[in-house]
Structures are given as C-alpha cells and as structure tokens.
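Dear colleague,

I am passing on to you the structure we spoke about, and below it you will find my notes on what turned up in it. Please read them with the structure open beside you.

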Amino acid sequence: MGIPTVEDRIVQTALKMVLEPIYERDFVRHSYGFRPQRGAKDALRRVDGLLKQGYRWVVDADLKGYFDTIDHDLLMARVEEKVSDGRILELINAFLTCEVVDQGESQKPHRGTPQGGVISPLLANIFLDPLDHLMEEQGCEMVRYADDFVILCRDKEQADKALDVVRKWVQANELTLHPEKTQLVDESEGSFDFLGYAFKRGNKYPSKKAKRRFL
C-alpha cells in the first residue's frame, strides 16, 4: 500500500479524532490494540489472569496478511453503520483507494489499509469489532491486540466451538486464517505465543521470535 504524505497524515489525524470517540463507546473491553489508555501490557495481564482462573484451552489464531486483505466494500459498509456524513465517507474511501505504484505501474487497490496510515489501525479495529462482540455472545474470553488475538476457554469442547465460529466469520468476511499458525492449545501441556511472549504451564517468557529480534 502507498505510504501517506505529510498532508495525508494531517487529514487522517483529524479524521481519527472525529471517528475514534464514536467507536470507542461500543468497542469491547478486551480489545487493546491502538486504543486510548490501553496497550500490550494490559492484554498480557488479561491473558495471565484468565489462565490463572482455569481457562487453559486456547484458540491461538492468526489472520494471514490481515492489513493487506481487508475488503474495502465490507469495511466501508461497517463504517457507514455509524457514520452518515458523506464528506467523511468520501475521505476514508479516498485514502483506501489511493493509487499506488508497483513495478512502474499505477493501480488502485481494492483491499487493505494504507501502510503507515494514521487511521489504518482504527479502521482495522472497526472491521474486527463484530468478531469481538460475537465471541462475547458465545461466552468466550477473547483478548485481541489489533489483528493478533487468542480465545481462552475452560474446556476443549468450548475451544473447538469457538474456533469453528471464528473460521466461519473469517470466511464470510473474506479474510484468511493462517493454516499453520492457527491451532488449539492445552496450555497445561503445550504453549502458545502472544505479543512476543510464550505461555506454557502458567509461565510466561519471551517467545523464540522475540528472542531472534535481539540476536
């Protein structure tokens, strides 16, 4: 995706200031990525707390190329559920469909949010918000940071059901679960990674991926 200019960033920042309060009212509590007064440490504490409460079965899900594959029509329809101002909608659509140059050829993208765009994380949260609410309705404990999320369950049956619901929602919204990185884990026996940490048997330590960054 094209990298926004300074002028684009200023306009996107203004848009974010208008849109964020509208959506913050209804975003679920346990979505932590790129939100006011929330962060990765809060998400990690939530996972720690749930594991200590006995939620040892974990749906460890990975959305393949999430930011690059968000469908523009579906995203705009989601935005239009709460925003009716035509000028704002036109601006958002303009940012999403801004022409990019790839190997000397100019083209308009039909998927994805602008790389480095100030408003991109908010739009990504808006797109996944229905999944957050769906998991709450299922009685599942989902902890999400942007496109990185885990669902903690008390038993395998609930975890199997949660993964099935996620798969159906992801397919209906034209996203893709990474076949190799999406798994069910019994945390008392196996491990899962989340936000740079590996969790196993009640312990938390830097993941292998996080360690490689410092080598």
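Two strands are taken to pair if DSSP finds at least two bridges between them, and please keep in mind that this is a predicted model. With that in place, Asp-148 in strand 5 is the bridge partner of Tyr-145, and strand 4 is joined to strand 5 by five bridges, the two running antiparallel. Two residues lie between the strands of this hairpin, and Ala-146 takes a positive phi near 60° there.

The hairpin belongs to an open sheet of four strands with antiparallel pairing, in the order 4-5-1-6. Its edge strands are strand 4 and strand 6, each of which pairs on one side only, and neighbouring strands are turned against each other by 20° on average, direction ignored. Within the sheet, six bridges link strand 1 to strand 5 in the antiparallel sense, with Val-58 standing opposite Leu-152 in strand 5. Helix 2 (residues 40-52) packs on this sheet and touches strand 1, strand 4 and strand 5, its direction making about 160° with that of strand 4; helix 6 lies across strand 4 and strand 5 and runs at about 165° to strand 4.

Is strand 4, as an edge strand, largely enclosed or left open? Four of the five residues of strand 4 (residues 141-145) are buried, so the strand is largely enclosed by the rest of the structure.

At the other edge, strand 6 (residues 183-186) contains Asp-186. Buried is used here for a relative accessibility under 20%, and because Asp-186 has a value of 11%, it counts as buried. Its side chain makes a polar contact of 2.7 Å with the side chain of Ser-188, and, leaving aside residues up to four places away in sequence, Asp-186 touches Arg-56 and Trp-57.

Turning to the interior, the largest nonpolar core has 42 residues, and those with the most contacts inside it are Val-79, Ile-92 and Ile-151. Among the elements that give two or more residues to this core are helix 1 (6-24), strand 1 (57-62), helix 5 (86-96) and helix 7 (156-172), while the largest share, eight residues, comes from helix 6. A second, separate core has 15 residues, including Val-58, Val-143, Val-150 and Phe-194. As for Ile-92, its contacts beyond four places in sequence are Leu-15, Leu-19, Met-76, Val-79 and Leu-123.

Both Met-76 and Val-79 are among the buried residues of helix 4 (residues 72-80), together with His-72, Leu-75 and Arg-78. These buried residues lie on the same side of helix 4, because they cover an arc of only 155° around the axis. In general, an α-helix has 3.6 residues a turn, so residues three or four places apart point the same way. The N-terminal end of helix 4 is capped by Asp-71, one of whose side-chain oxygens lies 3.0 Å from the backbone nitrogen of Asp-73.

Finally, there is another open sheet, in which three strands follow the order 7-8-9 with antiparallel pairing. Strand 7 (192-194) and strand 9 (203-206) each have a single partner strand, so one side of each is left without a neighbour in the sheet. The twist averages 30° from one strand to the next. Strand 8 (residues 197-200) is joined to strand 9 by four bridges, running antiparallel, and Tyr-197 stands opposite Pro-206 in strand 9.

With best wishes

Notes:
Residues are numbered from 1 along each chain as its sequence is written. This is a predicted model: local features need pLDDT of at least 70, side-chain atom pairs count only at pLDDT 80 or more; totals for chains, interfaces and linings use all residues. Side-chain values use heavy atoms; hydrogens and water are left out. Buried means under 20% relative accessible area, exposed over 50%, partly exposed in between (1.4 Å probe, protein chains only). A polar contact is a pair of N or O atoms within 3.5 Å; within protein, one must be able to donate a hydrogen and the other to accept it, and residues adjacent in sequence count only if both atoms are side-chain atoms. Contact means heavy atoms within 4.5 Å. The arc is that of the directions from the helix axis to the C-beta atoms. A nonpolar core is a set of buried Ala, Val, Leu, Ile, Met, Phe, Trp, Tyr and Cys residues joined through side-chain atoms within 4.5 Å. Axes are lines fitted to C-alpha atoms, for helices over the stretch in contact, and angles run from 0 to 180 degrees between N-to-C directions.
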